[in-house]
Amino acid sequence: MSDLVRRVKAAKRERTAQMWRTFRANRAAYASLYVLAAMALMALIGAFYTPYDPYRIDLSAALGFFSPAHPLGTDWLGRDMLSRIMEGARYTLGISFAAVLLGAAVGSALGLISGYYGGLLDAIIQRATDVLLAFPTILLAIALTSVLGVGILNVVLAAGIATVPIYIRLVRNLTLTLRNEPYVEAGRAMGLSGPYILFRHILPNLSYVIVVQSTYYMGITILIVSALGFLGLGVPKPIPEWGTMIGDARDYIFTYPHVVLVPGVFISAAALAFNLLGDGLRDALDPRMATLLRRT
Amino acid sequence: MTLLDVRGLTIHYDLPQGTVRAVEDATFTVDRGEVVAIIGESGSGKTTLAMSIAGLLRPPGRVVRGHIYFEGLDLSRLDDEKWREIRGRDITVVFQDPNTYLNPLMNVGRQVAEVFEAHGMGSIRSREVAQRAIEILRRVRIQDPDKRYWSYPHELSGGMKQRVLIAMAIALKPKLLIADEPTSALDATIQAQILDLLEELRREMGMSLLLITHDLGVAAKIAHRIIVMYAGQIVEMGRADEIMSDPLHPYTRALVRSVKLDRKRLLGVPSGAPPSLISPPPGCRFHPRCPYATEQCTAWRHTLYVRDNRRVACILYA
Amino acid sequence: MSEVIIRGRHIVKEFRLGLTGRLRLRAVDGVDLEVMRGETVALVGESGSGKTTLGRILVGLLRPDRGTVTYREWGLGGRLPRHVRARLQVVFQNPDASLNPRMQVMDILAEAIRAAGDTASREEVLDRAISLLEMVGLSADHLPKYPHELSGGEKQRVAIARALAMRPEVVLADEPVSALDAIVRAQILELMYRLQEDWGLTYIFISHDLSHVWYLSDRVAIMYAGQIAEVGPTEEIFREPAHPYTAMLLTSSTSVLPYKPRLTVRPVGESPSLISPPPGCRFHPRCPYATEQCRAERPELRQIGPGRLVACIHAEKVLRS
């Protein structure tokens, strides 16, 4: 008897292990995980320690190229680029993460309600979504910051709200599909309550899509947050948010390209890594993938 | 007279997980004007077999051994260019889902006319080709063909679309029509009309029909001969009526029993499922499910034994 | 002698189509049907005949727009007491979608066992889950598995076990075997037959395969374009169809049946649109017996023998020919 319970639990663990193996088999995704972990670690260390004070101006060292003293060079005010990247990681990654969290939470909740309950509420939410979706995400974010004003919290709000309609649409459509799945209908026939079905049968099947999509959106949001910074609508100077760093240094793009390229490479690497990670998660978390593989 | 002569055809798929032995040592013939049905469950290799005859086998699938002789010409050794000439003219295919094979943005008449153009019989725009397309549409019993010529696929029902596909397939009077589950997606009364149509066309045009199906009832209805496949191997072939009334191979027996249902009775069909084709069981691939299996079956090598009009791949008939 | 447990009266169900819902598709149009205790009643028809919609309405999963459905003393219009809801269960067509892909067989069954409310302790749930699996020809070894690790037949067995966990009286089986291979179909049909013998289940069996209907059902309701064409005992209807559509269906069928129907009707035409169905009898454009009256009046379902009802004014002629 207890032996059976043990086997049921072992199978559950085995499935998690299987997911991990599938994920690891995708080399690019696996490597991205390391890249992102390194960036997160850098952001964390940057909060306590940087080789130099990232805000200290030293005009005697201005516009230095890569050197043992300044591995990533210095900018036109002689500030150490490595220290600024480390300091900025916290802002760029942290703000993007908070924004995606906000967008996913609000958008998914609204999409779930809209899709599962339908009716007038659904109609209202959907019309509002239609209007918001008419604007490209980046334009929406720019419009929102110009209303909210400059500031870290406002960037989070703008980038987060800009993705809300995308989540609403995604989650609503999925909910509409899942709501009519035979196993959900069988649950209704068993007399299971609406909220129970929602949390036990619909949400778990949705959550993997939300996680995968959010990973992709992390990549996009990093670009949006950087773009806002670049345009001077995001995190204010002199905070070395990566996009702000590029915007700030754009005068030197032809003469001393490394001041623009260094933050640019970090932004691209982070965005790319999140995209690749998303691919890996998509393959690993989908239980039907295993079936597909077996059929061929 | 023999039209198609398949000998020892063996097809594998090379996948990262291993080699799928999809078809092993398939040997059979199709005569001129004959209707032959290949029947099997999903994964039995019947579609792979048909696609290789139509020259539509794509990597990772490859012919490992064997020959496909069509009017004496070995198709398994043909290059792509020669293939294009034969396919669509001498050998044509009708698939299960017409939606996948009709262009939704082009009216159906032109899609039929395209067949003529593709084989160098005049431009789509010429009145003569349009007229021929209309004739073909009439031939597959589409009402008002000159009006239907201008219809788009979405304006037609499933049965109509299947008729259009058949029209495209018979436009150039093929010698062999391969129909892969042509009626599986259709309702019973529509299915019957399509099967009747195929039978009429075959008689009018004297073509051979190779029907791929999982439905023994469909096979029994229009086929002269039935080839039964299990796990990539031919287990039995013979006249349709004889197979239905007196199946010999234990698998065929189970199959026939599972469609000839007695009212409210225990059926005694074997349990289990077909094996993986990556690591099939040694010997007879049916032996793990077979009620008559003995030690010998695991060492047996696939052979078709002749018994009257029948060929059976079972040691019981050795 | 037989007790009616489900009674459907004048059932109408419409679906709204298009953005504004201006188009109305009447999936079920004025259907009367009774289900008797312990029998299998088959709903037979082609796609668009309304058989699935009617089946769902008869077990209270869908609310009719008009008409009433009662199960014993309960009306199936609104929310049912839990113990009543439990007695009407379902098994669906697509085995791949019937089970939540994120739950193990153990969890799927445990959920049903708890919902049935007869036991709560972990030990008892496990015991019951094992006995349910054994009832459907599986074993405790299947408990740790996820749906994608099961074959189509095994999934359908688990779906049946889940329905049985509720100790149902009526099971709606909506094309339960049509997605499976021939031999597995026979296995599942046999299982359904055995379970009915052992537990006195009542089946509402939806199918388009006449040999399956022949195997399992006591009575058949032949549906055409949202209406019932004919109802009666399976053997009688298969032998002597009284509705021309039934005869056409039997003639068309590729199912292997023990005998041919007395009357053959060559299949022509297609089922009508349900948005703008033909006036009068909906079958008249395809019917070799159609007269002026058929084009004008909708035929009522009328009795032509014990337990036999038919919606055709020419039924006597059809039976005689």
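A residue is called buried if 20 or more other C-beta atoms lie within 10 Å of its own, exposed if 12 or fewer do, and partly exposed in between, with the C-beta atoms placed from the backbone. Keep that definition at hand for the stops below.

**Before you start**

This is a predicted model, in which local features need pLDDT of at least 70 and side-chain atom pairs count only at pLDDT 80 or more, while totals for chains, interfaces and linings use all residues. Residues are numbered from 1 along each chain as its sequence is written, and chains are lettered from A and ligands numbered from 1 in the order in which they are written. The model scores ipTM 0.89 and pTM 0.89.

**Stop 1: chain A**

Select chain A, which has 11 helices and 0 strands; here helices (H or I, at least four residues) and strands (E, at least two) are DSSP runs, numbered from the N terminus. Turn the chain in the viewer and you will find that its C-alpha atoms fill a box of roughly 75 × 50 × 35 Å, taken along the principal axes. Of the 296 residues in chain A, 42% are buried. Two residues are in contact if their C-beta atoms, placed from the backbone, lie within 7 Å, and among the contacts in chain A between residues at least 6 apart in sequence, 68% join residues at least 24 apart.

**Stop 2: the eight-stranded sheet of chain B**

Move to chain B and select the open sheet in which 8 strands follow the order 6-7-8-3-9-10-12-11, with mixed pairing; two strands pair if DSSP finds at least two bridges between them. Strand 6 (91-94) and strand 11 (305-307) of chain B stand at the edges with a single partner strand each, so one side of each is left without a neighbour in the sheet. Neighbouring strands of this sheet are turned by 20° against each other on average, direction ignored, where the axes are lines fitted to C-alpha atoms, for helices over the stretch in contact, and angles run from 0 to 180 degrees between N-to-C directions.

At the edge formed by strand 6 of chain B, add strand 7 (residues 176-180) of chain B, and you have a parallel pair joined over 4 bridges, in which V93(B) has I178(B) as its bridge partner.

Now select strand 9 (residues 225-230) of chain B. Which residues cover its two faces? On one side are R225(B), I227(B) and M229(B), on the other are I226(B), V228(B) and Y230(B), and all of these are buried. Since 6 of the 6 residues of strand 9 of chain B are buried, the strand is largely enclosed by the rest of the structure. In a regular strand the side chains alternate between the two faces of the sheet.

Strand 3 (residues 35-39) of chain B pairs with strand 9 of chain B in the parallel sense over 4 bridges, and V36(B) has R225(B) as its bridge partner. Strand 10 (residues 233-239) of chain B pairs with strand 9 of chain B in the antiparallel sense over 6 bridges, and there I226(B) stands opposite G238(B). In the hairpin of strands 9 and 10 of chain B, with 2 residues between the strands, A231(B) takes a positive phi near 50°.

**Stop 3: the four-stranded sheet and helix 1 of chain B**

Still in chain B, select the open sheet of 4 strands with the order 2-1-4-5 and antiparallel pairing. Strand 2 (18-31) and strand 5 (73-74) of chain B stand at its edges, each with a single partner strand, so one side of each is left without a neighbour in the sheet. Strand 1 (residues 2-15) and strand 4 (residues 61-70) of chain B run antiparallel and are joined by 8 bridges, with V6(B) standing opposite I68(B).

Next select helix 1 (residues 46-53) of chain B, where 7 of the 8 residues are buried, so the helix is largely enclosed by the rest of the structure. Among these buried residues are K46(B), L49(B) and I53(B). Helix 1 of chain B is followed by G55(B), whose phi is positive, near 70°.

**Stop 4: chain C**

Finally, select chain C, which averages a pLDDT (the predictor's confidence in each residue, from 0 to 100) of 92, with 98% of the residues scoring at least 70. Chain C is divided into domain 1 (4-87 + 168-320) and domain 2 (99-167), with bounds that come from an automatic or database domain assignment. The centres of these two domains of chain C, taken over C-alpha atoms, are separated by 31 Å.
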